[in-house]
Amino acid sequence: MERQRRTRLVVGLAVVLGLLFSACGAETDTDDAPATTSAAPATTSAAPETTAAAPETTSAAEPTPTTEAAMEEEVHTLRIAVSGDLPSIDPIFGQNTLTNMTLKNIYAQFLFYEPPEGEVGAFAKANISKRIGRAVERIEYSDGGRTVTMHIRQGVTFPTTGNPMTADDFLWFYERAFCAKASTMFNSNSYGVMSTDQVEKIDDYTIRVTLENPSPIIENQIRAQVAVILDSEAIKPHITEDDPCGNEWIAQNYAGNGVYRLVEWDRGQRIVFEANPAWAWPEPYFDRVELLVIPDASNRILLLETGEVDMAMDLDERQLARLDESGTANVLKIPGRRTLRLLLNTEMPPFDIREVRQALNYAVPYETVLNDILQGTGVHISGPVSPNSTYYQDFGFEDLQKYTYDLDTARALLAEAGFADGFEFTLMIPQGNTLVDEIATFLRSEYQKIGVTMNIERATGAVLAEAMGQATGEAYLRGWFTDFVDEPFFHFNLWWRTNSVINWTQYTDPRIDELVAALKVETDKDAQRDLAREAMEIIINDAPEVWIAGGATQVALAHGLLGYVHEPDELPIWGSLYREE
């Protein structure tokens with residue numbers, strides 16, 4: 001019955017999408033797009049740049065597929081409605097959710113989390129305590145964990161060229177990381193690789209990484225969506241003096257070997273992927289995945305409700321609640337590790353004063369936010385780490401201080417800081433994010449009660465990213481944040497170490513830096529607990545952010561789509577999904 005219904009919708013989908021695309025026009029920025037992207041042609045193909053000349057005469061057109069064949073193709077096509085286009089497919093510059101989701105599914109990471117056992121059903125969680133081989137078949141440790149020998153899976157090829165994946169591609173992964181000085185360099189630094197001198201080729205299918213200290217996080221980091229192997233032989237011809245890392249070519253061209261491969265990129269409209277014929281692991285249920293760019297949320301919802309798409313992304317809490325209540329879609333509510341945080345630039349007055357930052361935390365009506373704005377899906381958080389994080393629970397963070405709604409305390413703290421009459425500041429938020437806009441507007445009225453005037457500046461994703469990166473704004477509320485790795489060193493190193501890559505609050509504390517350095521090499525869980533608890537206590541007291549709420553991961557799926565596997569990065573895995581028969 002499901003197959004028949006979807007077959008009848010094939011023609012309808014083409015008509016509806018044609019109308020939507022003509023109405024939507026050009027690509028729109030998503031709320032977390034990177035500041036700059038490479039220009040791209042109107043239509044990009046994943047085919048090699050040079051191809052054999054087409055013959056002057058072609059054979060007659062192939063006959064129209066039978067209804068049964070069309071139905072089978074339709075059943076095995078996964079369609080996802082997204083709000084904007086991909087800015088890039090370069091693993092080094094994965095800076096928004098859509099890009100990161102795509103990277104995870106079209107490139108093969110070194111390792112991956114162990115999938116859940118048995119039938120997944122509506123959803124299941126991966127076993128994050130165990131990583132198993134993907135591009136790397138197995139890892140051996142010696143010298144107390146300082147020497148890491150990676151055995152590369154043999155017999156794997158890159159589908160666009162047929163080149164084999166070898167140790168040279170792994171060496172080039174590290175070379176490019178330090179050439180581009182972006183996310184993969186940070187990723188490598190986090191587990192102790194500070195230069196390419198620490199990585200050596202043993203033979204065609206073996207590399208050795210030498211660390212100064214054993215790392216508690218190395219396996220988590222080499223399963224990240226950016227820890228992927230590219231076809232170095234395909235990319236090297238495109239390296240130039242002006243572009244020594246090959247960034248421009250890689251941003252728009254596919255040279256990976258993941259579960260799916262890029263086959264078509266129609267800018268602002270549709271990105272098409274097909275199952276990788278050279279994939280060395282179990283075949284996915286869906287042979288084809290289409291990302292349909294539908295900027296308007298109401299249109300994404302309509303396509304989901306009518307069964308034209310299987311998944312709709314970038315919906316806010318109210319839209320998800322309406323979908324769930326109507327029963328027209330399956331809205332998964334997965335206890336996730338999202339946190340909603342208002343970032344304060346601690347280098348700018350008056351946010352360089354701790355009492356001012358604390359006052360803003362005491363002026364938030366948390367229960368109203370949780371019940372009215374988040375529709376009952378949020379939780380009160382004590383600080384920057386979600387209560388659903390594994391180490392939050394294991395390390396007993398639940399007994400740490402929580403800020404409560406207390407206007408008298410807020411006013412007293414402002415008076416102590418010398419701002420009894422309040423002050424004025426500007427909060428930057430992304431354009432078009434209805435949840436963030438609603439929360440910002442609500443907080444503006446609440447802060448007025450303690451004499452604080454909060455102006456709201458709505459900026460494009462590029463402008464907001466630039467302001468956060470260069471620390472030119474006073475405060476930011478961008479949306480949900482999720483640590484891609486559920487591990488204490490990852491969090492504290494990413495957010496709170498002085499000059500860390502996304503320390504957008506410009507927070508600095510010498511003791512925190514010491515604790516982060518200790519967590520980087522500490523593998524004993526009891527010792528990790530003591531270090532992480534001390535770090536949390538310091539940060540909660542210093543309040544470099546306003547901790548608004550923790551949230552559930554909510555995913556809107558068409559009825560009958562099963563197999564959703566949840567991982568800490570909250571990025572959907574296309575290869576685990578299947579259709580109910």
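The second largest pocket holds about 580 Å³ of space. This volume, like everything that follows, is computed from a predicted model. The pocket has a lining of 26 residues, and those nearest its centre are Phe-112, Pro-115, Arg-134, Ile-573 and Ser-576. Two elements, α3 (97–106) and β3 (111–114), each supply at least two residues of this lining. The largest contribution is that of β3, with 3 residues. Sorted by class, the lining of the second largest pocket consists of 14 nonpolar, 6 polar and 6 charged residues.

Before going further, it helps to know how confident the prediction is. The protein chain has a mean pLDDT of 88, and 88% of its residues reach 70 or more. Residues 1–63 are another matter: over this stretch pLDDT stays under 50, and the model has 93 contacts for it beyond four places in sequence.

Closed spaces come next. The model has 2 cavities of 30 Å³ or more. About 90 Å³ of space lies in the largest cavity. Its lining is made up of Pro-91, Ile-92, Asp-169, Trp-172, Phe-173, Arg-176, Ala-177, Thr-184, Val-226, Val-228 and Leu-230. Helix α4 gives the most to this lining, with 5 residues. By class, the residues around the largest cavity are 8 nonpolar, 1 polar and 2 charged.

Two residues of that lining, Asp-169 and Trp-172, lead to a neighbouring site. Ser-232 touches both of them, and also Asp-168, when residues up to four places away in sequence are not counted. Ser-232 belongs to helix α7 (residues 232–235). Its relative accessible area is 1%, which is under the 20% cut-off, so Ser-232 counts as buried.

Thr-184, also in the lining of the largest cavity, leads to helix α5, where Thr-184 is one of the buried residues. This helix spans residues 183–190 and is mostly covered, with 7 of its 8 residues buried. Besides Thr-184, the buried residues of α5 are Met-185, Phe-186, Asn-187, Ser-188, Asn-189 and Ser-190. What do these buried residues pack against? Their partners are the helices α4 (167–180), α6 (218–221), α17 (488–495) and α18 (510–521). Just after α5 comes Gly-192, which takes a positive phi of about 105°.

The second largest cavity has a volume of about 50 Å³. Its lining residues are Arg-337, Thr-339, Arg-341, Pro-384, Val-385, Ser-386, Ser-389, Phe-481, Thr-482 and Asp-483. Strand β14, which covers residues 330–344, gives the most to this lining, with 3 residues. The lining of the second largest cavity divides into 3 nonpolar, 4 polar and 3 charged residues.

Among the strands, β7 (residues 147–152) can be followed through its two pairings. Why is β7 described as largely enclosed by the rest of the structure? The reason is that 6 of its 6 residues are buried. Burial applies to both faces of the strand: Thr-147, Thr-149 and His-151 lie on one side, and Val-148, Met-150 and Ile-152 on the other.

One pairing of β7 is with strand β6 (residues 136–142), in the antiparallel sense and over 6 bridges. Within this pairing, Val-136 has Ile-152 of β7 as its bridge partner. The two strands form a hairpin with 4 residues between them, and in this hairpin Asp-143 takes a positive phi near 50°. The other pairing is with strand β9 (residues 206–210), which runs antiparallel to β7 and is joined to it by 5 bridges. Here the bridge partner of His-151 is Thr-206 in β9. Ile-152 and His-151 were both listed above as buried, on opposite sides of β7.

A last element to look at is helix α11 (residues 354–362). With 8 of its 9 residues buried, α11 is largely enclosed by the rest of the structure. The buried residues of α11 are Glu-355, Val-356, Arg-357, Gln-358, Ala-359, Leu-360, Asn-361 and Tyr-362. An α-helix has 3.6 residues a turn, so residues three or four places apart point the same way.

Key: Residues numbered from 1 in each chain as written. Predicted model: local features only at pLDDT ≥ 70, side-chain atom pairs only at ≥ 80, totals over all residues. Heavy atoms only, no water. 1 Å grid on protein atoms, 1.4 Å probe; cavity = no way out; pocket = protein on both sides within 12 Å on 5 of 7 lines; lining within 4 Å. Points joined across faces, edges and corners; volume = space filled by probe spheres on them. Nonpolar A, V, L, I, M, F, W, Y, C, P; charged D, E, K, R; others polar. Buried < 20%, exposed > 50% of the residue type's maximum accessible area, 1.4 Å probe, protein only. Contact = heavy atoms within 4.5 Å. pLDDT = per-residue confidence, 0-100. Pairing = 2+ DSSP bridges.
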